[in-house]
Amino acid sequence: MTSPRDATSHRFPPGSASPETEPGQGGTARLPFAFARDHQVALDGGTLIAGPGASLPGLREARRRAGGPVQLSRLDITGFEAALARLYQGGAAGEAQDDLLFDLEDSARPVRERDLLEDAEDAPVIQLVNQLLRRAVLAGASDLHVEPYEGGLRARMRIDGFLQTVMDRGDVPTRRIVSRLKVMAGLDIAETRLPQDGRIPLRLGGRLIDTRVSSLPGNYGERVVLRILDRSTGLMPLDGLGLSRDQIALLERMSALPNGIILATGPTGAGKTTTLYSLLKLANRDERNIVTVEDPIEYDLPGVSQSQINAEIGMTFAAGLRATLRQDPDVILVGEIRDGETAGVAAQAALTGHLVFSSLHANGSVGAVVRLRDLGLDNFLIAATLRGVIAQRLLRRLCPDCREAHPPTAAEAAFFDKHGLALPLSIYAPVGCEACNRSGYAGRVGIFEMLEVTEDLRAAIDRGVSETELRHMALDARETLVGQGLGEVAAGRTSLAETLRVVGDVA
């Protein structure tokens, strides 16, 4: 290792913060993030962490900054990126924007793509946008809303299905902040009268973050909503989704079918795509050719050919699905059945020996049959092609640190009696503490209503039986979304109020 004196002539690249002014964690100084990332070196107390591409200038500067003996720890690129994220993410989620002042030096000019942890001396507008994005990613938010109004600008994050305000200020240059987001997303900043869609690829330390951006003209300026997708989280195993053993066995059986349509239903954000991807992983075998048509492509699946929808040039779900049929597929994933044309092509694909996975907006598993009828499919075609439907919802999970048990009241007991379920001795309710940010909830748990199309059910669909009759034929009270939700209440994982909020009280 070179002595500290040999590194004194090394200078940081332009735009980097001086190491002498860079405060570190625990009272020790640290290298600027951009320098640590580019030179693959970092300081963690008395340890010098080096990646596989650590440069000699980087090692020298890190040794000089340490100001004393250090222990060298060499990591592979995955380990180094994880260490980098751990060291530099601290405190980022709670940064306030109050210290950002706005003046004529603010700029909405485009800049190179960069990491959200980089602490370059940017204009205050860029700093504010980066802080908002960083807070949303670190908080695990699914969406970030930037909303101009008469008195200023409000930013909200959707966490566990609920919007939380993270900024509400009247002194910010609203148009410049919106323009900055549009520039990052590759949108036309001169067009403020029409809705636009784009995407922003980002990194947070070693994590790949993809955001889908939508702008919508409003009374006080353009409203921007960003859907945040953390690609580094990966896909969850089936048992991690909240599925029971019987439900996992049913999914494994359906994914092994040679043909037919399997649908996932539920509102936006209910986890339909995650379930479909998990099904694809079950169906992914070397002897099968799997092709997907998605909007957007949320995760990279090894061994699967994935195609992105682009409606502006005519690459719709229906057009993409027709094209995949010429690719000799065994299994096809269609991101969503939105219209009669896509539904018709999917049915024809199922009839010609393909297994088709897709999502559909419907209130429940049996409701998918009614929705397909509404899209124009004949009863005999639905009966011939539909193999199974998965309806799902996400319930907020009670915080284990502050949940509070109480004996069921008469009104609460009535819900269990109505659905023929055993009444638990105690029911838990949310309280709120520091660990859950006073919400009483931390994380979410999935509930699933699964419908397997049997011969009797197929005959009933062919006869045009109503949704109510189909539900009584196909589902036991415990298998419905309400029954599954009450089961989570009895297990102490969620509250009765949360279950009723999400799934209602349908008999």
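1. Several elements pack over helix α12: the cover of its buried residues includes β16 (404–406), β17 (427–429), α15 (481–490) and α16 (496–503). The coordinates discussed in this note belong to a predicted model.

2. The buried residues in question, within α12 (residues 410–418), are Glu412, Ala413 and Phe416. They lie on the same side of the helix because the arc they cover around the axis is only 100 degrees. Ala410, Ala411 and Asp417, on the other side of α12, are exposed. Just after the helix, Gly420 adopts a positive phi of about 70 degrees.

3. As to the overall composition, the chain contains 16 helices and 18 strands. Of its 507 residues, 47% count as buried. The exposed surface of the chain amounts to about 23,700 Å², of which carbon and sulfur atoms supply 49%. When contacts between residues at least 6 apart in sequence are considered, 63% join residues at least 24 apart.

4. An open sheet is built from seven strands in the order β12-β11-β13-β14-β10-β15-β18, and its pairing is mixed. Its edge strands, each pairing on one side only, are β12 (305–308) and β18 (441–452). On average, and with direction ignored, neighbouring strands of this sheet are turned by 15 degrees against each other.

5. At the β18 end of that order, the pairing can be described in detail. Strands of a sheet pair through backbone hydrogen bonds, in either a parallel or an antiparallel manner. Strand β15 (residues 386–398) and β18 run antiparallel and are joined by ten bridges. One residue pair to inspect is Leu394 with Gly446, its bridge partner in β18.

6. Two helices that lie across strands of the sheet deserve attention. Helix α6 (residues 245–255) lies across β10 (260–265), β14 (355–360), β15 and β18, and runs at about 55 degrees to β18. Helix α7 (residues 272–283) lies across β10, β11 (290–294), β12, β13 (331–334), β14, β15 and β18. The angle between α7 and β14 is about 170 degrees.

7. The largest nonpolar core comprises 36 residues, and Leu263, Leu386, Ile461 and Leu470 are those with the most contacts inside it. Helix α9 (residues 340–351) contributes the largest share of this core, namely six residues. A second, separate core has 31 residues, among them Val172, Val213, Leu226 and Ile228.

8. The surroundings of Leu263 may be listed individually. Leaving aside residues up to four places away in sequence, Leu263 touches Ile337, Ser358, Leu360, Ala368, Leu372, Leu386, Gly388, Val389 and Ile390. Leu386 thus appears among the contacts of Leu263, and both residues are named among those with the most contacts inside the largest core.

9. Arg373 is a further residue to examine. Arg373 is placed in helix α10 (residues 367–374). Is Arg373 buried or partly exposed? Its relative accessibility is 22%, and Arg373 therefore counts as partly exposed, since the term buried requires a value under 20%.

10. With residues up to four places away in sequence excluded, Arg373 touches Asn379, Ile382, Ile461, Gly464, Val465 and Leu470. Two of these contacts, Ile461 and Leu470, are also named among the residues with the most contacts inside the largest nonpolar core. Gly464 is separated from Arg373 by 91 residues in sequence, while their C-alpha atoms are 9.5 Å apart in space.

Key
Residues numbered from 1 in each chain as written. Predicted model: local features only at pLDDT ≥ 70, side-chain atom pairs only at ≥ 80, totals over all residues. Heavy atoms only, no water. Helix = DSSP H or I, 4+ residues; strand = E, 2+ residues; numbered from the N terminus. Buried < 20%, exposed > 50% of the residue type's maximum accessible area, 1.4 Å probe, protein only. Contact = heavy atoms within 4.5 Å. Areas by Shrake-Rupley, 256 points an atom, 1.4 Å probe, with all protein chains shown as cover. Arc of directions from axis to C-beta. Core = buried A, V, L, I, M, F, W, Y, C linked by side-chain atoms within 4.5 Å. Pairing = 2+ DSSP bridges. Axes fitted to C-alpha atoms, helices over the stretch in contact; angles between N-to-C directions.
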